[in-house]
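Let's take a walk through this protein together, one piece at a time. Have the sequence and the 3D view open, and we'll start with a pair of helices.

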Amino acid sequence: MAFESLADKLSAAFKKLKSKGKLNETDIKEAMREVKLALLEADVNYKVVKDFVKNVSERAVGQEVLESLTPAQQVIKIVNEELTALMGGQNARLVFPSKPPCIVLMCGLQGSGKTTHSAKLAKYFKGQGRRPLLVACDVYRPAAIEQLKIVGEKAGATVFEMGQGDPVKIASEGVKYAKDHGHDLVIIDTAGRLHIDEKLMEELKNIEKTVVPNEILLVVDAMTGQDAVNVADTFNKALPITGVILTKLDSDTRGGAAISVLQVTGKPIKFSGIGEKIDDLEPFHPERMASRILGMGDVLTLIEKAQDAVDEKEAAELAKKMKENSFDMNDLLDQLRQIRKMGSLRQIVSMLPGVGNKIDEMNLDDNQFTRIEAMITSMTKAERAKPSIINPSRKRRIAAGSGTEVQDVNRLLKQFEQMKQMMKKLGGGKKGKRRMRLPP
Ligand code: GDP
């Protein structure tokens, strides 16, 4: 994931501060030097780093820090606040006009993730009750229209296309189609080039003049580091972009673009792409991103993902089963499938506080889920309902059916039994005594 190395270096700098107890100006200066180097190495724009360190230092040598009982914590708090402010403070949302449809023009270089993110946005807003229409204006690569149709289908969104005609005409016909067919969101996928050139900009300007979009979202690839910010700067000077989608934040990028884009262009990042799948899109929340960079996790996003993945009715039923201790293998299978909907194990665990750079030491193998699913689906109905009937010959059959070993089946059965014991304790203990408590 992005920011691992940055989070690593920042946490090393703060660890030194924490070990000192009381701090003086020299300690803070030294820590700020390390923070500065860490940010520069993460590809954050030089000027942005300079201003950032200046702001943090000014606040950190103030009385509130030096006289505090926990000065290192105060410094971290200031870094957190200033990082959040750098990225815009709050999540910048898409602005929907009072009269639909909302027209979103997607632009960016080839390979930045435009087509993928057009579909991700369609799926995201469909989930919020909108009726998106995808419009195929990347007419130069025949495969692009096909690709949009494929991802559009995954998003469950209609794709409007007119083959390889004039992109300006296709865009305006697309908007007309949306109005005629009750689509309240039009997402126009445009062509990209390997480099910014006159022709690309001219075409985008012409589309912009013709359809007058409500949002012009620039898609930039976080993996290109400083270049991502330079590209954003150039596009921003040529077109009135309203926001940025920063893609490939799941990859091993140093992540500096996320911190610099707003400062350099004045335009906020509205969404981030965190994988190749259709659901791998997140609204960009500066405060949550800052927490991740500082290794504090991102519990709010985790909760949102859980809310999206979990059906409330099913959850209530599950709670009832846990209470009655009638939870069986079918329920476990449902649970696993819901967790998988939230993303890969790595994505989920990386949002937990304190995990930060330790994630690489963890053995997070999504195949374990696949193996467990395979084992449960190889069980008969009776076995799933009552795993205690699974004798050695049944175990051999389940292992053979799921491509696993008998010892894997044994492990699953043992873990299942432990889970049930645990649920029994939580659900059936004396009133009030064994309730789980939230930390104060
Ligand atoms: P376009 O040329 O701008 O339309 O780019 P595409 O949408 O075709 O994406 C280019 C490549 O990047 C494809 O292989 C995508 O699967 C991949 N991609 C797009 N977004 C992401 C992302 O957020 N994370 C990762 N890992 N890959 C992505």
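Start with α10 and α11. On the α10 side, the residues to pick out are Q226, A228, V229, A232, D233 and N236, and they meet G256, A257, S260, V261, V264 and T265 of α11. Sort that contact by residue class and you get six nonpolar, five polar and one charged. Keep in mind as you look around that this is a predicted model.

Now for how those two helices sit against each other. Helix α10 runs over residues 226–238 and helix α11 over residues 256–265, and their axes are 9 Å apart at an angle of about 25°. Angles under 35 degrees count as roughly parallel, and α10 and α11 are therefore roughly parallel to each other. As for handedness, α10 and α11 make a right-handed crossing.

Let's jump back along the chain to another helix pair, α2 and α3. Helix α2 covers residues 25–41 and helix α3 covers residues 46–60; their axes come within 10 Å and cross at roughly 155°. With the bar for roughly antiparallel set at over 145 degrees, α2 and α3 are therefore roughly antiparallel to each other. The crossing of α2 past α3 is right-handed.

Which residues make the contact between α2 and α3? From α2 come I28, M32, V35, K36, L39 and L40, and from α3 come Y46, V49, F52, V53, V56, S57 and A60. By class, this contact of α2 with α3 has 11 nonpolar residues, one polar and one charged.

While you're here, have a look at the loop between α2 and α3, where you'll find D43. This residue isn't a glycine, yet D43 has a positive phi of about 75°.

Time to zoom out. The domain assignment splits the protein into domain 1 (4–86), domain 2 (102–296) and domain 3 (304–428). Taken over C-alpha atoms, the centres of domain 1 and domain 2 are 34 Å apart. Where these two domains touch, domain 1 puts in 16 residues and domain 2 puts in 18 residues.

Which helices supply the domain 1 side of that contact with domain 2? Both α1 (4–18) and α5 (71–86) bring at least two residues each, and α5 gives the most, with six residues. Going by class, the residues on the side of domain 1 that touches domain 2 are 10 nonpolar, five polar and one charged.

Next, follow the chain past α5. P101 lies in the loop between α5 and β1 (102–108). Check the backbone there: the peptide bond from P100 to P101 is cis, and its omega is near 0°.

Finally, let's bring in the database record. An unreviewed UniProt entry places the feature "domain: AAA+ ATPase" at residues 100–246. In the model, residues 100–246 are 46% helix and 22% strand, with 26 Å between the end C-alpha atoms. UniProt also carries the annotation "domain: SRP54-type proteins GTP-binding", again from an unreviewed entry, covering residues 101–295. Residues 101–295 come out at 44% helix and 22% strand, and their end C-alpha atoms lie 40 Å apart.

How values were computed: Residues are numbered from 1 along each chain as its sequence is written. This is a predicted model: local features need pLDDT of at least 70, side-chain atom pairs count only at pLDDT 80 or more; totals for chains, interfaces and linings use all residues. Axes are lines fitted to C-alpha atoms, for helices over the stretch in contact, and angles run from 0 to 180 degrees between N-to-C directions. Helices (H or I, at least four residues) and strands (E, at least two) are DSSP runs, numbered from the N terminus. Angles under 35 degrees count as roughly parallel, over 145 as roughly antiparallel, 65 to 115 as roughly perpendicular and the rest as oblique. A crossing is left-handed if the near helix is turned anticlockwise from the far one by less than a right angle, and right-handed if clockwise. Two residues are in contact if their C-beta atoms, placed from the backbone, lie within 7 Å. Ala, Val, Leu, Ile, Met, Phe, Trp, Tyr, Cys and Pro count as nonpolar, Asp, Glu, Lys and Arg as charged, and the others, Gly among them, as polar. Domain bounds come from an automatic or database domain assignment. UniProt positions are given in the numbering used here, feature names are shortened, and annotations may be inferred rather than shown by experiment.
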